[in-house]
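Student: I'd like to go through this one and ask why things are called what they are called. Can we start with the wording?

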Amino acid sequence: MYLCFLGMILLGAVVLGRAFYIQRIEGNYWKDLGKNLHLKYLPIDAERGTIYSEDGNMLSTSVPIFDVFVDFGAEGLREKNGKRFKDNIDSLSISLANLFKDKNAAAYKKLLQQAYKKEDRYFILKKKISFAEYKELRDFPLVRQGRNKSGFIFDTRDKRINPYVLLANRTIGLSREDSTKNVGLERSYDSLLKGASGQRLARYIAGAYIPVNDAELVEPERGKDIITTLDTYMQDVTENALMKMMVGNNSLHGTAIVMETATGKIKAIANLGKQTDGSYAEDLNYGIGKATEPGSIFKLATLMSLLDDKYVTIKSNVDCERGVKEFYGLRIHDTHPNGVMTVKEAFAASSNVAFAKMADQYYHSQPSKFIDHLHKYRLDVMTGVDIDAASAKTTIKKPTNRSWANTTIPFMAHGYEELVTPLHMLMLYNAVANNGKMMKPYLVNAVRDYGVDVKTMEPKVLVDKICSEETLSQLKECLRAVVDSVHGTGHKVLSDNTYGIAGKTGTAVTALNNKGYNKGNKIYQASFIGYFPSNDPKYTMAVVIQNSNESKLVYGADVSGTVFKEISDRIYGRYLSNKQFAAPANTDTAQYNFFGMKKELVSVFGFLKMPFSDSAVNGDFRKSSMKNNFSFLNTSWSSTVSSASVTPNVVGMGLKDAVYLLENSGLKVTTAGRGRVVNQSITAATNFKKGQTISLVLN
């Protein structure tokens, strides 16, 4: 018993001795080790590079946002029994309330006192505040004394914004935290845009890592800038023209692409899809990422093959069979019952029967010869554009495919049984406009680092000669005939111009929701692809729009041709025309009606020194009727608003006035473009539901 008791005493002495040794001799070592176990290097994201248009406007950039934390265990904050905190709590609370306006000063004071009492080491005060708010906050009482004395910690990160919002939004793309989910140029050039991350030392406190200090800091390296080929004026015009047609015609989705003929630069690309609420947004890249049956715009490829093989000339005759012919048990129809025509006339009139007959006659027994031509035209390979990750694969059948049939060649010849993207077809048409040279399409001019170009992209020729000179000459003549000939499918819409347009219309029948082509299920895809000026092409353009079963217009010329004409007129007028417009000699006696806030109208009239009279007594909003340098103001809204549930007519108004009127009527407003309202998605004087969305197109 005695020995056991003695052993316990000795064991206790050893334990106490060891504890004393660890605490007194090795204490600092273990304290440092404990601290180090709670330390970690955290990455600091670099500032992402900016994406610019060719004319120098920012299309996508990063702005700093700040998360605000408070370390209420900071020594400087708690010294002298918390005197510094107590002396500043009232003025700090008032300042916070005035800045954020989400709670009063008393609520902020209570919040801060509770966190102080708990010695919260990682108190989240605010998240995602702007740079302007950050600048103001850092000069507040207590905060301005610095991090060690105030406990305030600012965590900076970047928020990606598109200053032009809708403008080329899908092509520019989105930058997400998970870069594998990026789209557009943000994805293609992510490795250059994101730069190199830095790092900083942080300590694990109360469930989170808090930066220790700036001593252990490796600065991040800013990302490089991307200079695109896009022109903001052309992009704006393209987006607005496409939006106006789609809203007015209740279309499902569409794309418009403008290419510089000589280089392959994409100067504008708009992609719009109808959303569930009736508005339109850049939801998918329909110009690059969606392959469809192209319809009659494919006839250029068929004609190029026939001419290059010297099976026909554009003066050869072909019988259109009064617009209907059966091929191996399946009928092919034309819109008009034409008889014998020249190949040029059949192309201008877009005869399906004529092109099916010619292709079947010459390629039925040698289909590979036709398919080889399509391969030469690069219709079965990727375009090579900068955002190939978003590009759709095309489908060009081969005789070895199981789906190949006797009817394949006749149907392929006029734009069915193949799938291609609008960009593929645009490249082919551009090759004709560019005297046979097929150019690689591209979206980026240069990579820039702190204002210096470190990499430049040059135009690249993909096919030096797409066809013979003789074929090229005949193709150009046929493309001009589509617009210039009175029988051409594009004559009515596109011929009224002073600079010359050449191209091809297309109207493809597509299956609604993949239910087949039965009556009631089919809808139409309208296309126009061409170039201008026709005698010296500078720009080539593709417009492809998928209509709905509620669309009033369905044909290629009426839908896509109208959009093409509006865009080409604006581009020609701004960049290519030398015409000087003289001011009219006669005095303008027309009456102009517009709407606005009274104080703003009075200010404008005062600046213009224009006399006016105001017959209204109350209210801030006015209708103005201006004629002969005099304006009459009143509040007569009979033509604009008839009841609270009737849609106002805002066409002709400026954005501010239109939004004011519509939102006060109970509508939600989305807009596209700049200038005055030229179209509204809900027809004026029709009923609407409160909270319904109305889309406005401005120009």
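Tutor: Sure. A residue counts as buried when its relative accessible area is under 20%. Keep in mind that this is a predicted model.

Student: What makes F85 count as buried?

Tutor: F85 has 5% relative accessibility, and the cut-off is under 20%, so F85 counts as buried.

Student: And how do you know whether F72 is buried or exposed?

Tutor: Use that cut-off again: under 20% is buried. F72 comes out at 2% relative accessibility, so F72 counts as buried.

Student: Why is the pair of F72 and F85 called edge-to-face?

Tutor: Ring centres have to lie within 6.5 Å to pair, and planes over 60 degrees apart count as edge-to-face. Here the centres are 6.0 Å apart and the planes are at 90°, so the pair is edge-to-face.

Student: Which parts does that pair tie together?

Tutor: F72 sits in the loop between strand 3 (58–70) and helix 3 (75–100), while F85 is in helix 3, so the pair ties together parts that are 13 residues apart in sequence. The count comes to 19 aromatic pairs, and ring pairs also link Y499, F528, F532, Y539, F564 and Y572 into a cluster.

Student: What makes up the lining of the second largest pocket?

Tutor: Its residues divide into 11 nonpolar, 17 polar and 6 charged. Strand 23 gives the most, with 4 residues. The pocket's volume is about 980 Å³.

Student: How confident is the predictor overall?

Tutor: The chain averages a pLDDT of 83, with 78% of the residues scoring at least 70. Over residues 580–585, though, the pLDDT is below 50. Where pLDDT is low, don't read the predicted coordinates in detail.

Note on methods
Residues numbered from 1 in each chain as written. Predicted model: local features only at pLDDT ≥ 70, side-chain atom pairs only at ≥ 80, totals over all residues. Heavy atoms only, no water. pLDDT = per-residue confidence, 0-100. Contact = heavy atoms within 4.5 Å. 1 Å grid on protein atoms, 1.4 Å probe; cavity = no way out; pocket = protein on both sides within 12 Å on 5 of 7 lines; lining within 4 Å. Points joined across faces, edges and corners; volume = space filled by probe spheres on them. Helix = DSSP H or I, 4+ residues; strand = E, 2+ residues; numbered from the N terminus. Nonpolar A, V, L, I, M, F, W, Y, C, P; charged D, E, K, R; others polar. Phe/Tyr/Trp six-rings, centres within 6.5 Å; stacked < 30°, edge-to-face > 60°. Buried < 20%, exposed > 50% of the residue type's maximum accessible area, 1.4 Å probe, protein only.
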